[in-house]
Every structure is written in C-alpha cells, then in structure tokens.
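Student: Hi! Could you walk me through this one while I have it open?
Tutor: Happy to, ask away.
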Amino acid sequence: MANLKGIRVSFETSAKWWSPTADALFLGVYGPGGGREFRLNGDIPINQPDKAFSLVLGDPCCPTPNDVPVQYSTGMGDNDPLLNPVELDRIDHVYVRKETADSTSANDDVLALQGANVLLCDTEGRLGLWRRDALLNFSDEAGLQQWLGQIDPPTCHISIRLTRVRHQPSGAHSAGRNWIFSFSAGSNDDYEQLLPPYSYGASTYKDWDLAFDRTKHIAVVGCCGHPQTVVLHGYAYERDWWSPDETSMDQYHVVACEKGTVSQSGSLDVVVQGWQNHQSTISFDYDLSCSCGD
Amino acid sequence: MGNIKGIRIDLRTGTQSWAATGDKIFLGIHGTAGGREFRLDGSLKLNQANQDHRMVLGVTCCDTPGYQQVQYSTALGDNDPLLSPLDLASVRYVYVRKETADSTSTNDDVLVLNNISVLLCDADGGVRRFAKRGKINFSDEVGLQHWLAEVDPPTCQVTIVLKRIRHEKAAKHTAGNSWAFTFSAGPPDNHASYLNNYNLKEKKDSWDKEFNRTASWKYPGCCGHAQTLSIYGKAVEDDIGHDDVGEWTREITAPCHSGTSTESAELQLSVKGIKNHESLITFEYDVISTCLD
C-alpha cells in the first residue's frame, strides 16, 4: 500500500541520424489504482543519435551519476509522482508516447530508441522494473505509443555453499571426539539449515576435516551496488558423559552486490570449551558468490 | 452485471485562473471486454475555473437530478454508452484525457481539476465508481492523461438493533419463568445470530431485558432502492412435561433513501402453556438504513 515516489526512465537513441526528436515525449503509468502521464523532455532535449539518457522524476531509486531530473518533478511539482499518489503494486501498464508537433505527418519528428527501461520505486523502497528490448519507433508512420513489459526488478542473487567442516584442538587438549554440528545460512527473511544436525565420531583428537557441498540460494530485491547481509549460524556439540560441551555462533557476512559475479570465501569458527584445558575449534568453511542484475 | 447504460461525472475545476480549458476532453473506459472513449465537452464547456460540473451520458445514473446531458449521449447517439455495449464487470480502467488544440505546447490550454468522480451504472442495478482527488493537471508540460482509481460506490448500510425483550402475562398465569430466546436477522441468505438459546429465569409477571445487539449489511447500489430483510424470533419456556414454544419470521424493508432513516418495530410472540398459562414475548428492534450517494 505504498505510493510511487520515484521513476527512472533510461533509453538510448538509435544510431540513425534521424533518431532524436524535438516532439513532446510522455511516460504513462497506470493500473486499477489509477495513474497518470508525465512529460519526460520538457527541458531535456533528445537531440542526439546513439546517446544514452537517464531521466528521473521525484526521488528515484538506484540513482546513477548520469541521472538528469525532469522539469517540475520534485517538491510536489506538477511532474512529481507524489502529487497524484498511485500505489506501485497496482500499476500494471507502463508506456512511452510521442506526440507529433501538430498532428500532421508532415511535421512529425520521428523518435527511434534502442529499447527503454522504466524503474519505479515506492515510499517503502520497493521496486518495479519495466523494459522493452527492441528498436522502438515512434512516428506517424509506425505508431506513437509503445508499452513496456514488466520484468523482475533489480535483484541480488547470492549463493552460500558450505564446503568443509574442520576441527582443531585450540587448548592443551581437544574437547573430544564425538561431535554433532549444524550450519544454517540465508538472509533475515529467507534462512535455511544447510547442514542439519550431523553426527561424527572422529577417530582422532587432533585435526580432522570433512568435505561438504551444501548450497543455499537467496534472491534479494534491491538496487545493484547496495551491500547485502548474509546471516550465518554454526553450532557444535561434543558429547561428554559427564557434561555436554556445546556452542553456537552467529556471523554476518556483508557482500557488495555489484553487477557481475563476485566470489568470496569465509570461515565461521565455533570454539567449544570442554573440561579444564580441553578446547576445540570447529570451523565451517563456506564460499559466497553474488551477482546483481537490473 | 450488465452493460453500462449510464455514466455520471462530477468534477470541479481548479482554483487557478488558468484551470479551465477550451481543449477537448475525453473519458476512456476499458477492460477485459474492450472499451471506448467518450467526448465529454462537446457542448458542455469546462471554461470556468473553480466550478462544479455535473454531466451524464446515457440514462441518468442513480436518478440524480441536476446533471447536464452530454451531447449525442442518448437514444443510441454516438456518445451513448449503449451504442457499443460494455459489461460493467469487465471494466478495469477509467481515464480522462485532454487533447492539445493542435499538439503544440504553444496552443496547449491547460486543464486542472480539483477532483473528479465517474459513476458507472448498468441495466441490472450494478454500480461502480472511479475517482481521483488533488491537483490533477492535464497539460503538455506534465502529461495529458490521468487514470482514476476505483472507490466505494453508493452503498446502503442496513443495521438492525435488537434493543430489548419484554415479557407480559397474557392470561391468568404466565407460561412460566424459565426461558430460552433465539433471535436472528438479515438478508435471507445471510442471517446474523443475535441470540441463540439465550437462557433467562425471571419470576415476575412483567419484565424486560435490554440487549442492544447490532449487525449490519452493505448493499452497493444507488440510493433509493429498498432492501428486503427478515427477522426471526423464538421463545421457549422450559416445562417438565413439554416445552411451550412461540416463534415467528417477519419480512422487513429498509428504505435506503439518501441519508439515514431509523424505524422502530416489534416482533410479538404468544407462548401458550397449559390451560390458563400464556405469555407475550416482544422483541423490540430498530432498522437503521444509511445510504451515501
């Protein structure tokens, strides 16, 4: 139930010399909850072929250095999305429309784009992305309005893979040989036990390690470049007949979710204190990979 | 729902000196079964700022007087909604669009509305309403089209209040002093239970018990359409030999005029016991109907 507060319209004029236009260009957003048109090029001339434009209205989401504010689009101006509130969740159509200068073919100044993207965001930070990846011709000869399709909004895809569980005595003696351990990972909203309680009777009190291949995928909607936090939880328990030694540990791993894939490795250490000088460290080794697409 | 037969438009132009327009204004209605535009200002000009305009296309929607007929919008004229039938239930979008005089910013005559409401009526009594409020600007500088959001249509709310139950002796002796009451009310297919075998012991010949229990029902539709409901009352006096029972169902009508009306009424049951034993049980209730156009 949050209202549209920001819009970024990005497109690139085609390479044809006649692709830019001086005619009025509009963005329309609407749905069962209402909607409206916005003028896009009031004081922003679309006057060069093969040029990228990033026009923003209101308080846009996922800002870029190339953003150019549209005239009257802030401070409750007549092009501000907040002036006539419309709920983002109820928008089901987005289009771009060109007018002819005087509704005659003779004075129609054609516009040709190499696709268009419209990123909408609401007052609660949610995103909606609409796109058309095609040559878009706006002209009296070919039609003056093009609707865009809704696609997944910018999303950070994160994979967390548990690769190994290692044991090392970290005191004068190991905490023991009879182990149960588990490992969970995810985001605050999507958290899962990758390794359910796993029993392992080691043959040695010294170093050992076990290989695993357990993976959790999470998808977090948000602007690319925004850091995302992965929550990791390790648990280790050494079964003693006189007293159980158990410890759990939470760790937060912040990943910079940029475009392209970034891989990192890490380790979550759980120190298990046994009797007197008996202590072990159980290490959960994991790989993280993340990529952001918009 | 049936086909749209009437469209009622209420709008107010903005207070700015330049809020009125001489440009063409269209109303668009479309959805899953198609749709069309209607010209709104063919003969009705929106040429004064800060003024209410009340227009109707087709037949009068909700029989409200004082609306100006849009040009060519009756008798299957080109602006009559019945000319190209459109099922009211299929409508998803309602918009208002302004044209510029000649598609140049120079000759764009801006229109600003403070609010607009569009009421759609079909031949079966179905009604839907779309509206928008705030500074609604139609101009070359900021866009020429606004979509409206669906809001509540005119709705009649009927409330039935069970106020009290009274007991009176109707013969030499009452039917008894150990009672169970049941009371329900509402549309025949959606009765609300107010009392369900509510037990009460009372030795007096005359007594009354206050309840003030309420239930409400909503009927979307034009004001002035009466709604039929029913009430049911039952009183049982618990006897060792056999129960003494009285029960009755009554049909009632809520007028649903514009505004609020309250009618007080009673449902009276006779409960007869052996020989000269009889009681009168009276359920006192109010029927309140409120219709907002």
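Student: What area is buried between chain B and chain A?
Tutor: About 2000 Å² is buried between chain B and chain A, and carbon and sulfur atoms give 47% of that. Buried area here is the accessible area (1.4 Å probe) that two parts lose on being put together, summed over both. Keep in mind that this is a predicted model: local features need pLDDT of at least 70, side-chain atom pairs count only at pLDDT 80 or more, and totals for chains, interfaces and linings use all residues. Residues are numbered from 1 along each chain as its sequence is written, chains are lettered from A in the order in which they are written, and side-chain values use heavy atoms, with hydrogens and water left out.

Student: Cool. How many residues does the contact take from each chain?
Tutor: Chain B gives 25 residues and chain A gives 27, where contact means heavy atoms within 4.5 Å.

Student: And how many salt bridges across the interface of chain B and chain A?
Tutor: The rule finds 3 there; it asks for a side-chain nitrogen of Lys or Arg within 4 Å of a carboxyl oxygen of Asp or Glu. Asp140(B) and Arg39(A) form a salt bridge through their side chains, at 3.2 Å from N to O.

Student: Which elements give two or more residues to the side of chain B that touches chain A?
Tutor: Those are β6 (91-98), β8 (127-138) and β9 (145-151) of chain B. The most comes from β9(B), with 6 residues. Strands here are DSSP runs of E with at least two residues, numbered from the N terminus.

Student: What's the mix by class on that side of chain B?
Tutor: The side of chain B that touches chain A has 7 nonpolar, 10 polar and 8 charged residues. Ala, Val, Leu, Ile, Met, Phe, Trp, Tyr, Cys and Pro count as nonpolar, Asp, Glu, Lys and Arg as charged, and the others, Gly among them, as polar.

Student: Which strand of chain A pairs with β9(B)?
Tutor: Strand β3 (residues 34-39) of chain A does, antiparallel and over 2 bridges. Two strands pair if DSSP finds at least two bridges between them. Opposite Arg36(A) you'll find His146(B) in β9(B).

Student: Switching to chain A: what does Arg126(A) form a salt bridge with?
Tutor: Its partner is Asp89(A), with the closest N and O atoms 3.3 Å apart. Arg126(A) sits in the loop between β7 (111-122) and β8 (127-138) of chain A, and Asp89(A) in the loop between β5 (68-69) and β6 (93-98) of chain A, so the pair ties together parts 37 residues apart in sequence.

Student: What does β9(A) pair with?
Tutor: Strand β9 (residues 145-151) of chain A runs antiparallel to β6(A), joined by 4 bridges, and Tyr95(A) has Trp147(A) as bridge partner. β8(A) also pairs with β9(A) in the antiparallel sense, over 3 bridges. In the hairpin of β8(A) and β9(A), with 6 residues between the strands, Gly143(A) takes a positive phi near 110 degrees.

Student: Back to chain B: which strands sit at the edges of the sheet β13-β10-β17-β16?
Tutor: That open sheet has 4 strands with antiparallel pairing. β13 (207-220) and β16 (259-272) of chain B are at its edges, each with a single partner strand, so one side of each has no neighbour in the sheet.

Student: And how many bridges join β10 to β17 of chain B?
Tutor: There are 14 bridges between β10 (residues 155-169) and β17 (residues 278-292) of chain B, and Cys156(B) stands opposite Cys291(B) in β17(B).
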